[in-house]
Amino acid sequence: MLAILLIPAALCYTFGKMVKDTRQGWALLTAMTFIFVVMLSIAVWSEQSGNPLFTRLGVDQTASAVQPGGNMEGKELRFGITNSALWPPPPPRLLTAR
């Protein structure tokens, strides 16, 4: 999982070395990091806020001792909301053998 973050960062630095201007590589890494943080914040917020359709049906989505709260339908409860947003599992159809 560490390689998922390290390889793109290393490629940004490599790009800067290839064009002989490492500032461009750092600028690219900064832009990618900014976009990653913004999108991760949106994902965590949407997971924590829950599904308004479930609220209308009377489903309790508040955090308690037995559930982390929010929209955890189809997610790993062991990992919690933040790790479910940060490291989502692949779709089930990708896990089946062909």
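This is a short tour of the structure, stop by stop, with a selection to make at each one.

**Whole chain**

Start with everything shown as a cartoon. The model is predicted. Count the elements: the protein chain has five helices and zero strands. Walk from the N terminus and the order reads α-α-α-α-α. Now colour by accessibility. Of the 98 residues in the protein chain, 15% count as buried.

**The α1 and α2 pair**

Select residues 2-18 for α1 and 22-49 for α2. How do the axes of α1 and α2 cross? They come within 6 Å and cross at roughly 150°. Angles over 145 degrees count as roughly antiparallel, so α1 is roughly antiparallel to α2. Turn the view until one helix lies in front of the other. The crossing in which α1 passes α2 is right-handed.

**The loop between them**

Next, select lysine 20. Lysine 20 sits in the loop between α1 and α2. Check the backbone here: the phi of lysine 20 is positive, about 60°, although the residue is not a glycine. Most residues other than glycine have a negative phi. Is lysine 20 buried or exposed? Its relative accessible area is 75%, so lysine 20 is exposed. The cut-off for exposed is over 50%.

**A nonpolar surface patch**

Show a surface and select Met1, Ile4, Leu5, Phe36 and Val37. These residues form a nonpolar patch on the surface. Together they have about 500 Å² of accessible area. Which elements give two or more residues to the nonpolar patch? They are α1 and α2, the helix pair from the earlier stop.

Zoom in on one patch member, isoleucine 4. Isoleucine 4 lies in helix α1. Its relative accessibility is 56%, so isoleucine 4 counts as exposed.

**The loop between α3 and α4**

Move along the chain. Select residues 52-56 for α3 and 80-86 for α4. Then pick phenylalanine 79, in the loop between α3 and α4. Is the side of the cut-offs here the one for buried residues or for exposed ones? Neither: phenylalanine 79 counts as partly exposed, because its relative accessibility is 45%. Partly exposed covers the range between buried, under 20%, and exposed, over 50%.

Keep phenylalanine 79 selected and add proline 68. The two are eleven residues apart along the chain. Draw a distance between their C-alpha atoms: the separation is 9.4 Å.

Conventions: Residues are numbered from 1 along each chain as its sequence is written. This is a predicted model: local features need pLDDT of at least 70, side-chain atom pairs count only at pLDDT 80 or more; totals for chains, interfaces and linings use all residues. Side-chain values use heavy atoms; hydrogens and water are left out. Patches are made of residues with over 30% relative accessible area and no salt bridge: like charges are joined within 9 Å, nonpolar side chains (Val, Leu, Ile, Met, Phe, Trp, Tyr) within 5 Å. Accessible areas come from the Shrake-Rupley method with a 1.4 Å probe; for residues, only the protein chains shown count as cover. A salt bridge is a side-chain nitrogen of Lys or Arg within 4 Å of a carboxyl oxygen of Asp or Glu. Helices (H or I, at least four residues) and strands (E, at least two) are DSSP runs, numbered from the N terminus. Buried means under 20% relative accessible area, exposed over 50%, partly exposed in between (1.4 Å probe, protein chains only). Axes are lines fitted to C-alpha atoms, for helices over the stretch in contact, and angles run from 0 to 180 degrees between N-to-C directions. Angles under 35 degrees count as roughly parallel, over 145 as roughly antiparallel, 65 to 115 as roughly perpendicular and the rest as oblique. A crossing is left-handed if the near helix is turned anticlockwise from the far one by less than a right angle, and right-handed if clockwise.
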